[in-house]
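Visitor: I am new to this structure and would like to know what stands behind the words used for it. Please show it to me, and then I will ask.

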Amino acid sequence: MSAGAQEGEARAPHVLLAVCGGVAAYKACEVLRGLQKAGCEVRVTMTADAERFVGKATFEALSGAPVADDLYAYPGSAIPHVELARWADVALVVPATANVIAKMAHGIADDCLSTTLLACWGCCPVLVAPGMNVHMWQNPATLANVATLGERFVGLIGPDSGHLACGEDDTGKLAPVDEIVAAAVLALHRNPHERPLVCDLAGVHLTITAGPTHEAIDPVRYVANASTGKMGFALARAARLRGALVTLVAGPCALPTPSGALRADVTSAAEMHRVTLGAFKGSDAVICCAAVADYTPAAPADHKLKKSREHLDAIQLVETADVLADLCADKGDRVVVGFAAETDDLLAHAREKLVRKGADLIVANDVSRPESTFGADTNRVALVGAGGVEQLETMPLPAVADRVLDAVRDLLVARGRLDADAGTAAWCRRVEDRAAERAARGGEAS
């Protein structure tokens, strides 16, 4: 959160929602509600064009605060753009139109919204969720502007592919509301003085596995486990926000695909093994978060077994292929991360798995604990590597995903597969400079 967020008593996170004039502006209302459900306080700035789609009275009613649409007529402040930038812990642009993206890239501040976004530099992370016609999105000018924003540490959410308002089916669709809200929540878990929101994994190709596998007994019955895929999907979502190319190999689970991730759905351990090893050929790193079955029925029936005449007294099982071990055997200078879900002797089992499999890192969690069991929205993990053990506190899944990705980033840098100075160092220096400036001003004032 911003420096102001660290002073005084704990409060709800502050999100500044910047609404632009696109047909998807109505979805900003859903984003606002989603943020409030996540415990955030939301204030809104919007363009005059946005008000042609959704009136500001709607956003004022939903947020309980006046909408900033005029630099000279904002209740209680003569400088709303500066006050809102200082107030916000994160700024979120929904839908980000080609026009506003261009203004942001070139420093144009000709209305309340664009002026406020310009003032956010160095104060809080800024995320943009584009929504526009495919030809506008693919225009070299727009793509160049998006690239410029990425260099300046603006986070990109989407866009998705699908049916557009213009009638075409292509890229340019606003990312799902849940994805936008999740991205904002992830940004709020970062302290900009310590954990800058940057595309520090830009160009990195990650393969991530998630969810359970189902091992068929017959066409309608199977052996499975309690994995929901939540942790793996949180990793994929966080990696996309940090600029990585993500291939998500998902076992059977009913979670929406993170925006921009390439998803491959599999069912069995054999399919998980084949698809993951195939995806790893073009990857810099793989994170094996899926709970892959260790055993599968040796001879699954080709028809539904009838209890009345085909008693199932026992199921003969055979071992499945070891996905993690086979990835490690062929990794070279690439990074392989595994997960260890245990119920006892957590660290001992994790250390043994690290050595036996040949992995670079094991993320260990005790699934007997309610805060880190399957399906929980939090996790308490230990990062076990050759250099030792880092025990993390219980955190929401997006924050856990971030810490795991930090470790992956550091391993990639150590292997020479990622530039250590790409983006992060420059942003950290900028934040430190701004903090020093604030401290100096505070000392002078006192």
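Guide: The protein chain has 15 helices and 21 strands. This is a predicted model. Of the 446 residues of the chain, 51% count as buried. Among contacts between residues at least 6 apart in sequence, 68% join residues at least 24 apart.

Visitor: How do you know where confidence is lowest and where it is highest in the protein chain?

Guide: The predictor gives each residue a pLDDT from 0 to 100. Helix α15 (residues 424–445) has the lowest confidence, at a mean of 50, and strand β13 (residues 285–288) has the highest, at 98. For the chain, the mean pLDDT is 86, and 89% of residues reach 70 or more. Over residues 1–9 pLDDT stays under 50, and the model has 20 contacts for them beyond four places in sequence. Residues 423–431 also have pLDDT under 50 throughout, with 16 such contacts.

Visitor: Why is N145 called buried or exposed?

Guide: The cut-off for buried is a relative accessible area under 20%. N145 has 9%, so N145 is buried. N145 belongs to helix α8 (residues 140–151). Leaving out residues up to four places away in sequence, N145 touches I101, A102, A105 and H106.

Visitor: What makes C166 a residue to ask about?

Guide: UniProt, in an unreviewed entry, places the feature "active site" at C166. Such an annotation may be inferred rather than shown by experiment. C166 sits in the loop between β6 (160–163) and β7 (169–173).

Visitor: Why does C166 count as buried, exposed or partly exposed?

Guide: Buried stops under 20%, exposed begins over 50%, and partly exposed is in between. The relative accessibility of C166 is 45%, therefore C166 counts as partly exposed.

Visitor: And what class does D345 fall into, and why?

Guide: D345 has 53% relative accessibility, and because exposed means over 50%, D345 counts as exposed. D345 is in the loop between β16 (335–342) and α13 (346–357). Its phi is near 45°, a positive value in a residue other than glycine.

Visitor: Which other backbone values are there to see, for G39 and for V94 and P95?

Guide: G39, just after α1, has a positive phi of about 90°. V94 and P95 are joined by a cis peptide bond, with omega about -20°. P95 is in strand β3.

Visitor: Which residues of helix α1 are buried, and what do they pack against?

Guide: In helix α1 (residues 27–37), the buried residues are A28, C29, V31, L32, G34 and L35. They pack against β1 (14–19), β2 (41–46), α3 (56–63), β3 (90–96) and α9 (177–188).

Visitor: How do α10 and α14 pack, and which residues meet there?

Guide: Helix α10 (residues 230–241) and helix α14 (residues 397–414) pack at an angle of about 65°, and their axes are 8 Å apart. The crossing of α10 past α14 is right-handed. From α10, K230, M231, A234, L235, A238 and A239 meet L397, V400, A401, V404 and L405 of α14. By class, this contact has 10 nonpolar, no polar and 1 charged residues.

Visitor: What makes one residue of that contact charged?

Guide: Lys is among the residue types that count as charged, whereas Ala, Val, Leu and Met count as nonpolar. K230 is a Lys, so K230 is the charged residue in the contact of α10 with α14.

Note on methods:
Residues numbered from 1 in each chain as written. Predicted model: local features only at pLDDT ≥ 70, side-chain atom pairs only at ≥ 80, totals over all residues. Heavy atoms only, no water. Helix = DSSP H or I, 4+ residues; strand = E, 2+ residues; numbered from the N terminus. Buried < 20%, exposed > 50% of the residue type's maximum accessible area, 1.4 Å probe, protein only. Contact = heavy atoms within 4.5 Å. Axes fitted to C-alpha atoms, helices over the stretch in contact; angles between N-to-C directions. Left-handed = near helix turned anticlockwise from the far one by under 90°.
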